[in-house]
Amino acid sequence: MSAELLQTPLYTWHVRHGARLVPFAGWAMPVQYPSGILAEHRAVRAGVGLFDISHMGRIEVAGADAGRLLQQTTTNDVAALPPGRGQYSLLCNEAGGTLDDLVVYRLETYYLVVVNAVNRERDIAWWQRHAAAAGLAVQLTDRTFEVAMIAVQGPASEALLQPLTSLALDTVRYYAIARAAICGREGWLARTGYTGEDGFELLVPSEHAVALWEALLARTAPVQPLPAGLGARDTLRLEAGYPLYGHELTEEITPLEAGLERFVKLDKGPFVGQAALAAQRAAGVPRRLVGFEMVNGAVPRQGYPLVVDGQPVGVVTSGSYGPSVGRAIGMGYVPPALARDG
């Protein structure tokens, strides 16, 4: 790995344990471990998998106008968030195109926003410009390098994690976040994930990341977890139909086209991109994101054309073999008339 790539607090552990590392969004990240992508995928579906997601951006938004800034720049209704809750949302440009998809958590005295690694610096600069232009009293602090993030994903994740935390996990709702002692260290625990399975995302000081990771891997009840890399993360999210920025979401694609209407609250008050999105909803979207399966066993890849009766009608945005469904699957954009079952 090039020395120019950023490294998560778990980088040395990954190297020492035989992970295959690849450049991803400016970071050196494990794509798979010696166990292999199929085993890692199946561990998450049947038991527990662990993901190092410390490359994701973690932005603290504080100050008297923190809520106003997020309300005016994201598509979901931040004002509806009580402390201890999070929401999936999107950041749009004036034309309604997607600048990023993210999760906003409201804590007691500030907001924590988790953004895509590739967009972290751009998102911060964009918020700073908007706050300055609107005269908002906001402090933006990049916590990415001082806070590590580990995802514990799978149907056995609650039972596996419970002995390591003081928090009663059965009281933590989906998209809730709480302060908790984890392996004896203070951190944050959120019931969120990107796999289609139950699970948690843990935020701890970077210096404690390796100890927490190894404590999780040492658990054997109810199952022994497997470390999982970007390869399994991609096949899992594809089976679940979750979009990936740079594939299903770009600056040229709106949340409405991507089927994310429920995260766009057009009646909440003004926000960047609202007028364009309202106009598109009124006129009808020109394309829609669909999932598809291959009938001949070939694996679709990003950029491949989607063809009907010999004519190109769209393009593949993501594709892979889906281990859980036992077939090659993908997603792509097609005209609305083709975006129906069958």
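1. A quick word on classes before the pockets: Ala, Val, Leu, Ile, Met, Phe, Trp, Tyr, Cys and Pro count as nonpolar, Asp, Glu, Lys and Arg as charged, and the others, Gly among them, as polar. With that in hand, the lining of the second largest pocket comes out at 16 nonpolar, three polar and three charged residues. Bear in mind throughout that this is a predicted model.

2. Staying with the second largest pocket, its space is about 610 Å³. The lining has 22 residues, and V290, G291, F292, L306 and L338 are the ones nearest the centre. Three strands, β14 (288–293), β15 (305–308) and β16, each put at least two residues into that lining.

3. Those strands belong to an open sheet of four, ordered β14-β17-β16-β15, with antiparallel pairing. β14 and β15 each have a single partner strand, so they stand at the edges and one side of each has no neighbour in the sheet. From one strand to the next, the twist averages 40 degrees.

4. Which strand does β14 pair with? The partner is β17 (residues 327–334), joined to β14 by six bridges, and the two run antiparallel. If you want one pair to look up on screen, take E293, whose bridge partner in β17 is I329.

5. Now for the helix on this sheet. α7 packs there, touching β16 and β17, and the direction of α7 makes about 125 degrees with that of β16.

6. α7 also turns up in the largest pocket, where it gives the most to the lining, with seven residues. The space in that pocket is about 1100 Å³. Its lining runs to 48 residues, and the closest to the centre are Y194, R237, Y242, P243 and L244.

7. What else builds the lining of the largest pocket? Besides α7 (230–240), at least two residues each come from α2 (37–46), β6 (98–106) and β16 (311–322). So far as class goes, the lining holds 27 nonpolar, 14 polar and seven charged residues. Note that β16 is on the list for the largest pocket and on the list for the second largest pocket.

8. Finally, the overall picture. The chain has eight helices and 17 strands. Its C-alpha atoms fill a box of roughly 55 × 55 × 40 Å along the principal axes. Why call the chain's radius of gyration consistent with a compact globule? Because a compact globule of 342 residues would have a radius of gyration near 20 Å, and the chain has 20 Å, which agrees.

How values were computed:
Residues are numbered from 1 along each chain as its sequence is written. This is a predicted model: local features need pLDDT of at least 70, side-chain atom pairs count only at pLDDT 80 or more; totals for chains, interfaces and linings use all residues. Side-chain values use heavy atoms; hydrogens and water are left out. On a 1 Å grid over the protein atoms alone, a cavity is a set of points where a 1.4 Å probe fits but cannot get out, and a pocket is an open set with protein on both sides within 12 Å along at least five of seven lines; lining residues have an atom within 4 Å of a point. Grid points are joined across faces, edges and corners, and a volume is the space filled by probe spheres set on the points. Two strands pair if DSSP finds at least two bridges between them. Axes are lines fitted to C-alpha atoms, for helices over the stretch in contact, and angles run from 0 to 180 degrees between N-to-C directions. Contact means heavy atoms within 4.5 Å. The radius of gyration is taken over C-alpha atoms; the globule rule is 2.2 Å times the number of residues to the power 0.38.
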